[in-house]
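Work through the exercises below with the sequence and the coordinates at hand. Each task is followed by a solution in steps.

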Amino acid sequence: MFRWLFILFFLTGCTIQTAPTNQTRLSKSSITPPTTSNTLKTIGVISIIGDALQCEHTGFTVFNNEEQRYLLPAALNEQLVQYAVTKFATDGVVLKPLNRETLSFINDEIGASQFTNIKLKERLEIDLLLVLSGTFEYRSKDGYYAEDNALNTNARGVLYQLSSGELLLEAEHYQYDLKKQFSCTLDAFPDNDALYELIKKAGIESQEVVVKTLIQSLSPKQSPN
C-alpha cells in the first residue's frame, strides 16, 4: 500500500504546504544610518525586480510540469521607480530615480546583496543608493489545486552608503496574489495579458511597503538613540 502511495505522490508532483501570507522584514546594519536631517541629501532609487517573471506549473504528472523564465517589458522597472519616488517625495527625504541601465552586476546570482558586486556605469550625484530587487514568480497547478494558483512577489530593498559601500538597511516583503490561469508554454510574455497588470500592481504595492519601511527607519523618531 505504501508503495502505491509513493507512486501516486511521485506522479502528481504535489507538495503539501500551508497557505502563504504577506510578510515584511527589516534588517539593520551595525552602522547607524543617517537620519532624515541635514546629513541626508539624496537617495538614488533603482528597480531591477521587473526584469523577469519565473513561471512554474505543476501538472497532474511530472510529465506535465512546465517551467519558463520570461523577460518583462523594459518600461516596468521605470514605472515602479517613478511611483516610489512620487509616493515618498517629502521635505525630509530626496529620492532620485535612476535608469535600470545605470546598474549591472559582476555576478548576476549575487545581485545587489553585495555592494562590491554592483557596477555603476556613470558617476551619480547621490549620498545613498537604494536598489529594489526581488522576484516575480507565477506558480500554478491543475485540477482542485488550481484554486491556489498565484503570483508570488518577493520584494527586497537594500540601502547602501555610496561613499563607503556600507550596507545600512535592508527590507523584504513577500506578497501573494491569486491568479487562476496563465500558461508557462508561451514563447514570449504577452504584455496585454491580465497577469501583467497584476505584476504591476504587486510590484507597486510590495515596493511601497519596502520603501516605506526603509524611509521610516531613517526618521529620527524611528531610529534608535
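## Exercise 1: Strand 2

All 5 of the 5 residues of strand 2 are buried, so strand 2 is largely enclosed by the rest of the structure. Buried means under 20% relative accessible area, exposed over 50%, and partly exposed in between, with a 1.4 Å probe and protein chains only. Strands (E, at least two residues) and helices (H or I, at least four) are DSSP runs, numbered from the N terminus.

The model is predicted: local features need pLDDT of at least 70 and side-chain atom pairs count only at pLDDT 80 or more, while totals for chains, interfaces and linings use all residues. Residues are numbered from 1 along each chain as its sequence is written, and side-chain values use heavy atoms, with hydrogens and water left out.

**Task.** Determine which residues of strand 2 lie on each side, and which strands pair with strand 2.

**Solution.**
1. In a regular strand the side chains alternate between the two faces of the sheet.
2. One side of strand 2 carries Ile43, Val45 and Ser47, the other Gly44 and Ile46, and all are buried.
3. Two strands pair if DSSP finds at least two bridges between them. Strand 2 and strand 5 (residues 95-97) are parallel, with 3 bridges; strand 2 and strand 8 are also parallel, with 5 bridges.
4. Val45 stands opposite Pro97 in strand 5 and opposite Leu130 in strand 8.

## Exercise 2: Strands 8, 9 and 10

**Task.** Place strand 9 between its partners and describe the loop that follows strand 9.

**Solution.**
1. Strand 9 spans residues 150-161, and 10 of its 12 residues are buried.
2. Towards strand 8 the pairing is antiparallel over 12 bridges. Tyr138 has Leu151 of strand 9 as its bridge partner.
3. Towards strand 10 (residues 167-178) there are 11 bridges, again antiparallel. Here Arg156 stands opposite Glu172.
4. The hairpin of strand 9 and strand 10 has 5 residues between the strands, and Gly165 takes a positive phi near 80 degrees.
5. Gly165, in the loop between strand 9 and strand 10, counts as buried at 14% relative accessibility. Its C-alpha is 9.1 Å from that of Leu128, at a sequence separation of 37 residues.

## Exercise 3: Aromatic rings

**Task.** Classify the ring pairs Tyr144 with Tyr145 and Phe189 with Tyr196, and give the accessibility class of each residue.

**Solution.**
1. A pair of aromatic rings is described by the distance of the centres and the angle of the planes.
2. Rings of Phe, Tyr and Trp (its six-membered ring) pair if their centres lie within 6.5 Å; planes under 30 degrees apart count as stacked, over 60 as edge-to-face and the rest as tilted.
3. The structure holds 7 such pairs. For Tyr144 and Tyr145 the centres are 5.6 Å apart and the planes at 80 degrees, so this pair is edge-to-face.
4. Tyr144 is exposed at 66% relative accessibility, and Tyr145 is partly exposed at 39%.
5. For Phe189 and Tyr196 the values are 5.9 Å and 70 degrees, so this pair is edge-to-face. Both Phe189 and Tyr196 are buried.
6. Phe189 and Tyr196 belong to one aromatic cluster with Tyr70, Tyr138 and Phe182.
7. Lys141 lies over the face of Tyr145, 5.5 Å from the ring centre. The criterion is NZ of Lys or CZ of Arg within 6 Å of the ring centre and within 35 degrees of the ring normal.

## Exercise 4: The largest pocket

**Task.** Give the volume of the largest pocket and the make-up of its lining.

**Solution.**
1. On a 1 Å grid over the protein atoms alone, a pocket is an open set of points where a 1.4 Å probe fits, with protein on both sides within 12 Å along at least five of seven lines; lining residues have an atom within 4 Å of a point. Points are joined across faces, edges and corners, and the volume is the space filled by probe spheres set on them.
2. The largest pocket holds about 800 Å³ of space. Of the 38 residues in its lining, Ile48, Ile49, Asp51, Asn77 and Arg100 are the closest to the centre.
3. The lining divides into 16 nonpolar, 12 polar and 10 charged residues. Ala, Val, Leu, Ile, Met, Phe, Trp, Tyr, Cys and Pro count as nonpolar, Asp, Glu, Lys and Arg as charged, and the others, Gly among them, as polar.
4. Strand 8 gives the largest share of the lining, 5 residues.
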